Amino acid sequence: MSPMTVDGSPKTTPAMATRDGGDWPKGLAERLERLARCRVDALVVGETGAGKAHLARLLHDRSAGPEAPLVWVDAALRSAEALALELFGASGEAGLLSRAQGGTLLLRNLPAVPLPIQSRLRTVLETGRLE
């Protein structure tokens, strides 16, 4: 499956540098490489403009690989009902969680995700199974 974006973000393979051309904080590149080899779920947090999406894309490329699915979802742009349908699917139609298997789901604006959907997402992360 080819890498994809849901919100129109271009799929690229960025260099190990911040968006403004500076270097990452000391040791971050090495930690990123170690984390990528572990193949674990990761939560990237930080302030607006800190480069979280850039870091997530680097982690994706180094762990799942650039050919694995990369699915972007901006929770703030969707109603709760639309977000649930889009993530989990309905009526036999695969949702974005299914389409992201083997790759990365980048969920932007996590605080905008309603608590019941956060709970369902947590269950998927804990069990590794879609409901």
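Begin by selecting Glu86 and Arg78, which form a salt bridge whose closest N and O atoms lie 2.3 Å apart. Keep in mind, as you turn the view, that the model on screen is predicted. With the surface displayed, Glu86 counts as partly exposed at 24% relative accessibility, and Arg78 is likewise partly exposed, with a relative accessible area of 21%. This pair belongs to a set of three salt bridges in the structure, and the tour continues with the others.

Next, select Glu33 together with Arg62, whose side chains meet in a salt bridge with an N to O distance of 2.6 Å. Colouring by secondary structure helps here, because Glu33 lies in helix H1 (residues 28-38) whereas Arg62 lies in helix H2 (residues 52-63), so that the pair ties together parts that are 29 residues apart in sequence. Glu33 has a relative accessible area of 30% and is partly exposed, and Arg62, at 30% relative accessibility, also counts as partly exposed.

Finally, move to helix H5 (residues 115-127) and select Glu126 and Arg122, which are four residues apart in that helix and therefore separated by about one helical turn. Their side chains meet in a salt bridge at 3.5 Å, N to O, which falls inside the cut-off of 4 Å used for such a pair. Is each partner here exposed or partly exposed? Glu126 is exposed, with a relative accessible area of 60%, while Arg122 is partly exposed, with a relative accessible area of 45%.

Methods: Residues numbered from 1 in each chain as written. Predicted model: local features only at pLDDT ≥ 70, side-chain atom pairs only at ≥ 80, totals over all residues. Heavy atoms only, no water. Helix = DSSP H or I, 4+ residues; strand = E, 2+ residues; numbered from the N terminus. Buried < 20%, exposed > 50% of the residue type's maximum accessible area, 1.4 Å probe, protein only.
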